[in-house]
Amino acid sequence: MQTTWQAILGWYDRHGRHDLPWRNTDDIYHIYLSEIMLQQTQVSRVREHFYPLFLEHFPTIGALAQATEEEVLSRWSGLGYYNRARNLHACARLAGDGLPTGYKELLGLPGIGDYTARAICAFGHNQPISVIDTNIARVLKRYFALPESTPKALLEHADKLLNTSRPRDHNLALMDIGSMVCLPKNPLCSLCPLSQSCMGIDAPETYTENKKSGYESRELYYGVMMSKGRIALVRTTGSMYKGMLTLPPLEQTDREPIASFRHSYTKYHLTVNLYEIDTLSGDDEVIWADGREMDDYPLSTLTKKALRLIYTPKGNHELQ
DNA sequence: GTCCAGGCAC
DNA sequence: GTGCCTGGAC
């Protein structure tokens, strides 16, 4: 095992992604923020845009707790999965002096599940605990030849491999090996520090599964109501885009839309249709927004696309 | 156009 | 198991 650990850490020291900003800080808030942003989101988007901008606005967990939910959602705008931002804000308000440091206490906080609780313990506090994201899961399945493994079995194997003297670097190393070497397709086994003792090296494709796709088409209908260059937006209350501002939703209609565009999420391919309206139904709070100042509002990418279309001069109104 | 990557809450 | 989101690779 000593040899394996040395190979893993030796590889990490030479090839690991040491330039990631959240790996060069011991500020738990920064590390926690990075883990929330990185959930379901690619490193490059977080690193170049959202992480530095968010920290500029909310440099400490106390500053985040002081902010309104709307301000937080505005800085999250475009990143998707907006419940992450709402839970982050809720945690900041619960945290007081700072986040708890134990796995169990972290797990009890909103938006912190098994992965994130372990990541904060290992990456933030160098606690001896195994972290398993999808990349590490793939490495473990191949290394221990476990094509059909439960999360519990995977964790037991991760614990067997865990280097308790450098748990932070060990887990980061496995993560980098997963995303840089032990790729889902055509893994680079010849470059892998685990190749000497990897039990799945002869059939790496056995340990990855293809997701089923299959999508559904849907139509969405929104109203456009302008006044003095401003546009009416309402606050969403349903699960989708909760807390964000959107154009006022309409019932299905056969009228000819003034504009349409496509957008997709998860398995849905949406056609979004926009209609001019002169009254608003319901008693929702209305926000009269300047559609050219999109940075100031909590808007989804879908709503931003719609506003761009509406505020773009004529001649540029093709789909997408 | 289609597929893919990526954790949590219910 | 399903909903939540986006952008980039092909």
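User: Which residues is Arg84 in contact with, leaving aside its neighbours within four places in sequence?

Analyst: Ile36, Met37, Gln39, Thr41, Trp76 and Leu79; contact means heavy atoms within 4.5 Å. This is a predicted model, where local features need pLDDT of at least 70 and side-chain atom pairs count only at pLDDT 80 or more, while totals for chains, interfaces and linings use all residues. Residues are numbered from 1 along each chain as its sequence is written, and side-chain values use heavy atoms, with hydrogens and water left out.

User: Why does Arg84 have no salt bridge?

Analyst: A salt bridge needs a side-chain nitrogen of Lys or Arg within 4 Å of a carboxyl oxygen of Asp or Glu. For Arg84, the nearest side chain of opposite charge is Glu35, 9.7 Å away, so there is no salt bridge. Arg84 is buried all the same, meaning under 20% relative accessible area (1.4 Å probe, protein chains only).

User: What makes the Arg84 and Gln39 pair a polar contact?

Analyst: A polar side-chain atom of Arg84 sits 2.6 Å from the backbone oxygen of Gln39. The cut-off is N or O atoms within 3.5 Å, with one able to donate a hydrogen and the other to accept it within protein, so the pair qualifies.

User: How do you know that Thr116 makes a polar contact with DNA strand B?

Analyst: An N or O atom in the Thr116 side chain is 2.5 Å from a phosphate oxygen of DNA strand B, so that pair counts too. For Asn135, a polar side-chain atom lies 3.0 Å from a phosphate oxygen of the strand.

Definitions and conventions: Chains lettered and ligands numbered in written order. Buried < 20%, exposed > 50% of the residue type's maximum accessible area, 1.4 Å probe, protein only. Lys, Arg positive; Asp, Glu negative; His and termini not counted.
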